[in-house]
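Welcome! Have a look at the sequence and the model below, and then we can walk through a few features together.

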2 protein chains.
Amino acid sequence: MAARRWREVADDLLKRIGDGDFPRDKDGGRRKLPPESELQSHYETSRNTIREALDFLANRGHVVSEQGKGTFIVFRPEPVHVTLSATELGVGPGGGEGQWYKRDAAVQNREPTSSVPRVEIQVVSEQLAWYLQVEPATQVVSRHQQIYLDDEPWSLQTSYYPLDFALKGGASKLLEAHDIPEGAVKYLGKTLGYKEVGYHDEIRARAPDDNEKRFFALGDSAADVVFETTRTAYGVEGKAFRLTVTVWPADRNRLHYNVGEVPTRVMKAPSRRSSRRSPNGDEGT
Amino acid sequence: MAARRWREVADDLLKRIGDGDFPRDKDGGRRKLPPESELQSHYETSRNTIREALDFLANRGHVVSEQGKGTFIVFRPEPVHVTLSATELGVGPGGGEGQWYKRDAAVQNREPTSSVPRVEIQVVSEQLAWYLQVEPATQVVSRHQQIYLDDEPWSLQTSYYPLDFALKGGASKLLEAHDIPEGAVKYLGKTLGYKEVGYHDEIRARAPDDNEKRFFALGDSAADVVFETTRTAYGVEGKAFRLTVTVWPADRNRLHYNVGEVPTRVMKAPSRRSSRRSPNGDEGT
DNA sequence: TGGGATTTGTTCGTATGTATG
DNA sequence: ACATACATACGAACAAATCCC
């Protein structure tokens, strides 16, 4: 034995998935694999071997099994292209020219909506303190929102402001659990005289935590990855006045930055369909 | 039965990993878990249940099992912070000030080296053609390199140039399997008169393919993720003249962008140690 | 509404293969 | 050649969620 029979089964199933075998569950439902018992007889192997093949495909993000229901083929939507450098600051010809961007992130032909902010007072972590240029034990206002794109979960966003902005500075709206209609940056400019002259972004990619899994409907597969972007906004004299952490599922998002002069067609509609091919083929051993 | 015994075992093992139980294999080697047979008697369960717990930890990227050797705790190195906006173009106070940046990516206190380029003539994919502004069937020069940081595998990089640059334009060095000492962009400026006035970056995060797994020593776990950045360089009149695809493991890299005026201390040494805490805790159901 | 059938999840037992030292 | 240790494979039983009549 021991000739990796489970891998043969998995590879064959993957081929059949690609070929479009396996019909939809009900009308319009997800595509569904035959039950394990049927696969067992089809491949003439034990149920455990079938399950190893299915586990493998599940870890790769191709299928998902649900107790009592069956094993389903995972549908991955077309990615959304998000431009993170399209703010008013953007130098170059594209800066400030039209309505096709929002403040922090620009998408095309989609409608972002957001939940009511959940406002909390927190003590900053070490990392946030460093970015915000405050003492390690300082209190900050955190404003957390769930962002939807065309009513689908799209990102989780938390902004942090020094608590003094609201208490001593007069920017009391920061403590209210409402959207700030004119935008928080503009509001801080009005009340505190802050003017954003630059920002710094840090980008991570990692596996989602349990909250993120729930909100984005992600699983444990290697394809279930999130971006975590941390943006620090700076005013004159290098004063940090806002920090925003945003989490977005990597399978349905691509991030974009434009620096200097970039053709407007690229700025406005970055990237075509992603023709899947490995860019770095090192065939040699 | 069926009370998720394997999960209890996995959670306990994870706690013990965090507590620093489990000694090193040999002196200075990796930390090693006891063999499955020992865990089996320790937890008073079957070997299969132990294996399910270990499979779970392996999928999460905490351990790796090797046939004939044992099961080892995975060591994740401190991440490297890479600044992708620190080129000569970079406006703001940090632009062009010192030696702390290289052309496309800046890192601190580390020594990047690269392999001899592997040069190929290829027909562009649909996506590359769109970015490079060439016809779908055009031939391009691809120059592929493996980049090391302090002699550790760090990134895989492939640059594409229209073949005409080398054939009709006189930039024949593009076809030679040597490094271009002065840098490809400067070389194209000298020979073809190209001047980079801007660039566009697209960022993906995904599971590594087999080549990338081999080069970076990655596995199948959900923690084994790579960034794929696609940079298109533009000259005057929006002419694209280079496209570079770079792949880097996400567990040991953080990407950074600076836009506008950013304090130099942030530009030079972005981010402190990543105090692990979820930024978006939605404790509610 | 209920209850049986379906289907995946969990756990155990056992045997053998394969890589390492 | 032998012991150790993980990998693969088969068989079996029961649990838990869902489906369907």
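## Chain A as a whole

Of the 285 residues of chain A, what percentage count as buried? In this predicted model, the figure is 49%. The secondary structure of chain A consists of eight helices and eleven strands.

Contacts in chain A can be sorted by sequence separation: among those with a separation of 6 or more, 59% join residues 24 or more positions apart. On the outside, chain A exposes about 14000 Å², and carbon and sulfur atoms supply 49% of that area.

## A nonpolar patch

Now for a spot on the surface. A:Ile121, A:Leu167 and A:Leu175 make a nonpolar surface patch of about 260 Å². A:Ile121 belongs to strand S5 of chain A, which covers residues 118-123. Because its relative accessibility is 41%, A:Ile121 counts as partly exposed.

## Around DNA strand C

DNA strand C is surrounded by 26 residues, and the closest are A:Arg51, B:Arg5, B:Trp6, B:Thr45 and B:Thr49. Of the DNA strand C atoms that come within 4 Å of the protein, sugar and phosphate account for 66%.

Some individual atom pairs are worth a look. The side chain of A:Arg51 places an N or O atom 2.4 Å from a phosphate oxygen of DNA strand C, while a polar backbone atom of B:Arg4 is 2.9 Å from a phosphate oxygen of the strand. For a base oxygen of DNA strand C, there is a polar side-chain atom of B:Gln67 at 2.7 Å. Elements giving two or more residues to the surface near DNA strand C include strand S1 (63-66) and strand S2 (70-73) of chain A, as well as helix H1 (5-19) of chain B. H3(B) gives the most, with three residues.

Definitions and conventions
Residues are numbered from 1 along each chain as its sequence is written. Chains are lettered from A and ligands numbered from 1 in the order in which they are written. This is a predicted model: local features need pLDDT of at least 70, side-chain atom pairs count only at pLDDT 80 or more; totals for chains, interfaces and linings use all residues. Side-chain values use heavy atoms; hydrogens and water are left out. Patches are made of residues with over 30% relative accessible area and no salt bridge: like charges are joined within 9 Å, nonpolar side chains (Val, Leu, Ile, Met, Phe, Trp, Tyr) within 5 Å. Accessible areas come from the Shrake-Rupley method with a 1.4 Å probe; for residues, only the protein chains shown count as cover. A salt bridge is a side-chain nitrogen of Lys or Arg within 4 Å of a carboxyl oxygen of Asp or Glu. Helices (H or I, at least four residues) and strands (E, at least two) are DSSP runs, numbered from the N terminus. Buried means under 20% relative accessible area, exposed over 50%, partly exposed in between (1.4 Å probe, protein chains only). Contact means heavy atoms within 4.5 Å. A residue is near a molecule or strand if one of its heavy atoms lies within 4 Å of it. A polar contact is a pair of N or O atoms within 3.5 Å; within protein, one must be able to donate a hydrogen and the other to accept it, and residues adjacent in sequence count only if both atoms are side-chain atoms.
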